[in-house]
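Visitor: Please take a close look at one part of this model, the surfaces that face the DNA. Start there, and then follow the chains outward.

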2 protein chains.
Amino acid sequence: MTLKLDKVNRGPHLSTLVASSISREIAQGRLKPGDQLPTEQALATTFGVSRNVVREAIARLRSEGRIWSQQGRGAFVADATNATVLTIDYETLQRADSFRNLFELRGMLEVQIAALAATRRSDADIVAMEQALDGMRTAPYGSVAWLKNDLGFHRAVAEATQNPYMGQFLVFVSERVRESILAAGNQQKSDDMARTTLGEHERILAAIKAGDAKGASAAMTRHLAGAAARVGLPGSEASPKPVSPALPSRLRKAVRGQAAG
Amino acid sequence: MTLKLDKVNRGPHLSTLVASSISREIAQGRLKPGDQLPTEQALATTFGVSRNVVREAIARLRSEGRIWSQQGRGAFVADATNATVLTIDYETLQRADSFRNLFELRGMLEVQIAALAATRRSDADIVAMEQALDGMRTAPYGSVAWLKNDLGFHRAVAEATQNPYMGQFLVFVSERVRESILAAGNQQKSDDMARTTLGEHERILAAIKAGDAKGASAAMTRHLAGAAARVGLPGSEASPKPVSPALPSRLRKAVRGQAAG
DNA sequence: TAAATCAGGGTTGTATGATAACACGACAAG
DNA sequence: CTTGTCGTGTTATCATACAACCCTGATTTA
C-alpha cells in the first residue's frame, strides 16, 4: 500500500497561517474594503499566538497591498485594486483548467513578443538567444540545464523587445506554467523531442534575426503548439474559436493550445 | 496660489526600509542565489534596529519568494525564478519610460483579449459590460466613479474570455498604468473627452456583442490610441516599428502608443 | 575501526513586557 | 466657534528570554 502523506506543511511559520487566515477572511468577503481589523492584541489572543507573530503576518499582508495600517489608528482592509503584487497561490496551480488557462495567457504573450522582438532586436539580443540555444544543444533533454537555457531563450526574446516588463511578465507566467506541469507530472521524454524542440527554437531565432515579424510569431505559434502536444495538453476543447483572430487564418489551428518550452 | 503638498510618506516603517535594502542587495548581485544572509542579530546591529524589525522584513521577503529560511540554519537567497509574486516598485513607476512600456504591455493584452472575448463572451458578460457603460454615462468624466466603471468595463471584457488570469493580469497592469499616470499628473479634462471615450467603448462592446473578433481588436486598438493621446503620450518616438505586425497594416499606426482607459 | 550517541554552540521561531509615536475624542478656556 | 490640553487606545519599536532546530565534534559503544 502506498503512503497517503498529507501535503507537506508549507510555511510552518505561525505568521504564515495567520496571514492566510486573515487573507481568507478578506477573499470571502467577511472583511470588506475599508473595514478595520481587530487590534493586534485581539488578533493575538484569538489566534492564540504572540503579538509578534501577528505583526509579521500584517507586515506580509501590507507588503501585498491587501491592508494598510497607520500608527495610532489601526489596520484597515485596502481596496482590491490596490494590490501591489500579482500572485497565484499554489493550490489553484494544481487544477487542470488553471494549467490550460495559464498556457493560453503565455501563448498570447509569446506570440506578440516574438513579433515585437523581430522589429526591435539588437545584435546583443541575437547573441543571447544563440548562447541559450547552444546551452540547450549540449544539455540532455529535460535536464535542469536544458530547462534553464530554454527559459533563457524565451527571456532573451522578450528582452529583445526593449521593454523590460515583457520579460518580467513572461518569465513569471512561464514559471507558473512550469510549476503547473510539475504538479501534474505527466510529461514523457523521448529522444527526438530534443531535436524537434531545438528545430522550433531555431526557426524562431531565424525569423527574429531576419527581422521578419510575421514569421517570428508564426514560428512561435508552431513552437507553442508543439510544446502543448509534448506536455499532453488536449488542445482545442476549451477554446473552440481561434485564439488570435488577428493572425493569418492558416495559423489559427496551431494557436488553440499552448504550454511548455 | 494653490498648495503644492507632497504625497504622504508611504511606508515609513523600518521593516520596509530593511526589506528594500536587502532586496536591493539581491537585485544588484551582491547577494547571489544560495548565499546565506547574515544572522538576524547581525542584520539588526548593522541596520541599527531591533531584531523584531529585521524579522518583519524577512517575513516579507520570504512571502515574496526572494529568500527562504530554516530554523536552526539561517536564511538563504532563493533562485530568481522562485519569486512567487510579480511586483513593480513605486520608484520605477515614476519614470517616463516605464510608463510607456507599461502602456505597451497593456495594449498588447487588451487587443488580444478583446478578440478572444468576442469569440467566447456569454450573455452575462454582455450585461456586465453594459452596466459598466451605464455607470460611465452617469458619472462625470475623470471622477472616481467614472474611473471605476472604466476599469470595470475592461475587466468585464477580460472576464468574457472565460480565462480568469486574463482579468487578473490586465487589472494589475492597468492599475500600474493608472498609478503611473497619477505620478506624472499631466492629464487634462475637456467636455467632449467623455463623449469620445464613451463612443470608443461602445464600438468595442458592439463588436464583442456581434462576435466580431477582428472588429473588437480593431476597436480596442482605436480606443487605446485615443487614450494615449488623451493622457499625453507622445506616441511613436520610442517604437519606430509597428508594435503588432500581425494586425492589418491600416491599424499599425494607431497601436504605437497606448495608455489610459 | 566504525557506528551510534550525546553535549555544546549557533540560529531561527515564538513569547512577553515595556516604551515611544501617533490618532482621536472629550473637555475646558478664550 | 476656535484653540489648547489631556487621557485613552493603537500601532511601531525595542529588549530580553526561552524553545526548537541544525550542525559539529567529542565521546561512547559495538
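Guide: On the surface near DNA strand C, helix H3 of chain A makes the greatest contribution, three residues. This is a predicted model, and what follows is computed from it or taken from a record where stated.

The surface near strand C draws on both chains. Helix H1 (14-27) and helix H3 (51-63) of chain A, and strand E2 (74-77) of chain B, each provide at least two of its residues. In total, 20 residues surround DNA strand C. The closest of them are Leu14(A), Ser50(A) and Gly72(A) from chain A, with Thr39(B) and Gly72(B) from chain B. Sorted by class, this surface holds 12 polar, four nonpolar and four charged residues.

The other DNA strand can be described in the corresponding way. DNA strand D is surrounded by 20 residues, the closest being Thr39(A), Gly72(A), Leu14(B), Ser50(B) and Gly72(B). Here the elements that each supply at least two residues are strand E2 (74-77) of chain A and, from chain B, helix H1 (14-27) and helix H3 (51-63). H3(B) has the largest share of the surface near strand D, three residues. The classes there are four charged, four nonpolar and 12 polar residues.

For chain A, the UniProt record, an unreviewed entry, lists residues 12-80 as "domain: HTH gntR-type". In the model, 51% of that span is helix and 12% is strand, and its end C-alpha atoms are 27 Å apart.

Gly72(B), among the closest residues to strand C and also to strand D, sits in the turn of a hairpin. That hairpin is formed by E1(B) and E2(B), with three residues between the two strands, and Gly72(B) has a positive phi of about 90°. Strand E1 (residues 67-70) of chain B and E2(B) run antiparallel and are joined by four bridges. Within this pairing, Val77(B) of E2(B) has Ile67(B) opposite. In a regular strand, side chains alternate between the two faces of the sheet. Along E2(B), Ala75(B) and Val77(B) point to one face and are buried, whereas Gly74(B) and Phe76(B) point to the other face and are not buried.

Next comes the contact between the protein chains. It involves 40 residues of chain A and 41 residues of chain B. On the chain A side, H3, strand E3 (85-87), helix H5 (96-120), H8 and helix H10 (213-230) each contribute at least two residues. H5(A) contributes the most, with 10 residues. By class, the chain A side has 19 nonpolar, 13 polar and eight charged residues. H3(A) therefore appears both on the side that touches chain B and on the surface near DNA strand C.

The two chains also share strand pairing. E3(A) pairs with strand E3 (residues 85-87) of chain B in the antiparallel sense, over three bridges. In that pair, Leu86(A) is opposite Leu86(B).

One residue of H8(A) rounds off the view. Arg176(A) lies in helix H8, residues 164-184 of chain A. Arg176(A) counts as buried because 24 C-beta neighbours fall inside 10 Å. Leaving aside residues up to four places away in sequence, Arg176(A) touches Ile88(A), Leu93(A) and Leu102(A). Leu102(A) is 74 residues from Arg176(A) along the chain, yet their C-alpha atoms are separated by 7.7 Å.

Terms used: Residues are numbered from 1 along each chain as its sequence is written. Chains are lettered from A and ligands numbered from 1 in the order in which they are written. This is a predicted model: local features need pLDDT of at least 70, side-chain atom pairs count only at pLDDT 80 or more; totals for chains, interfaces and linings use all residues. A residue is near a molecule or strand if its C-beta atom, placed from the backbone, lies within 6 Å of it. Ala, Val, Leu, Ile, Met, Phe, Trp, Tyr, Cys and Pro count as nonpolar, Asp, Glu, Lys and Arg as charged, and the others, Gly among them, as polar. A residue is buried if 20 or more other C-beta atoms lie within 10 Å of its own, exposed if 12 or fewer, and partly exposed in between; C-beta atoms are placed from the backbone. Two residues are in contact if their C-beta atoms, placed from the backbone, lie within 7 Å. Two strands pair if DSSP finds at least two bridges between them. UniProt positions are given in the numbering used here, feature names are shortened, and annotations may be inferred rather than shown by experiment.
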